[in-house]
Amino acid sequence: MPIPPSPLNPFTANLYAPPASCPVAPEGDPAEPPGLSCSVTLPASARSAGIARHVVRAALRAYALDPLEPTAVQAASELMGSAWRMDPHGEIYLSLRQREDALRLIVYDGHSAHAHPRLAALCEARRRATLRVFAALVRDHGGEWGVGPSREPGGGTRTWATLPLLARAA
């Protein structure tokens with residue numbers, strides 16, 4: 001009984017036919033993207049805050065969110081610096097998402113909560129102290145921020161801020 005030809009068999013496949021499964025870009029202007037969605041994982045290093053500033057600046061400009069640039073760039077830098085101080089040997093994950101009328105910045109680091117209540121309180125106080133400038137920056141922009149356990153499988157800490165797209169009138 002003969003073996004039926006298979007498209008994966010190089011001896012029976014038509015090697016000169018155009019590929020059928022490759023997508024083709026549509027003609028005309030590309031569709032408007034739904035909103036900013038960008039993330040990057042960086043090593044826990046003092047240099048990572050500078051890289052994060054460049055990433056945030058480029059992403060905001062690409063999505064015409066320039067009015068947020070000074071606040072968001074500084075906020076990302078402060079979050080990255082704090083994460084590095086709390087977990088200087090791991091990786092730091094930065095996420096930017098535009099949701100409705102706000103920009104959400106999230107930083108994950110590998111420093112998990114302590115089981116002993118006194119150590120946990122001291123650690124939280126240390127983290128909040130490293131975020132004093134960040135807290136004032138977010139508050140002055142009319143945003144919110146918080147710290148909590150990471151929802152990621154590896155554990156750690158999640159620090160976030162929500163910055164309204166239109167700053168509150170002073």
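**View 1. Contacts of Leu-103 in the predicted model.** In this predicted model, Leu-103 touches Leu-36, Leu-60, Leu-68, Ala-72, Arg-97, Gln-98, Ala-161, Thr-162, Leu-163 and Leu-165, with residues up to four places away in sequence left out of the list. Leu-103 also belongs to the largest nonpolar core, where it is among the six residues that touch the most other members.

**View 2. The largest nonpolar core.** This core holds 31 residues, and those touching the most other members are Leu-36, Val-56, Leu-60, Met-80, Leu-103 and Leu-105. At least two core residues come from each of strand 1 (37-43), helix 1, helix 2, strand 2, strand 3, helix 4 (132-141) and strand 5 (157-164). Helix 2 supplies the largest share, 7 residues. In soluble globular proteins, nonpolar side chains tend to be buried together.

**View 3. The loop at Ala-64.** Ala-64 is located in the loop that lies between helix 1 (48-62) and helix 2 (69-86). Its phi is positive, near 55 degrees, and the residue is not a glycine. Most residues other than glycine have a negative phi. With a relative accessible area of 61%, Ala-64 is exposed, because the cut-off for exposed is over 50%.

**View 4. The loop at Glu-100.** Between strand 2 (91-99) and strand 3 (102-109) runs a loop that contains Glu-100. Glu-100, although not a glycine, has a positive phi of about 50 degrees. The relative accessibility of Glu-100 is 74%, so this residue counts as exposed.

Methods:
Residues are numbered from 1 along each chain as its sequence is written. This is a predicted model: local features need pLDDT of at least 70, side-chain atom pairs count only at pLDDT 80 or more; totals for chains, interfaces and linings use all residues. Side-chain values use heavy atoms; hydrogens and water are left out. Helices (H or I, at least four residues) and strands (E, at least two) are DSSP runs, numbered from the N terminus. Buried means under 20% relative accessible area, exposed over 50%, partly exposed in between (1.4 Å probe, protein chains only). A nonpolar core is a set of buried Ala, Val, Leu, Ile, Met, Phe, Trp, Tyr and Cys residues joined through side-chain atoms within 4.5 Å. Contact means heavy atoms within 4.5 Å.
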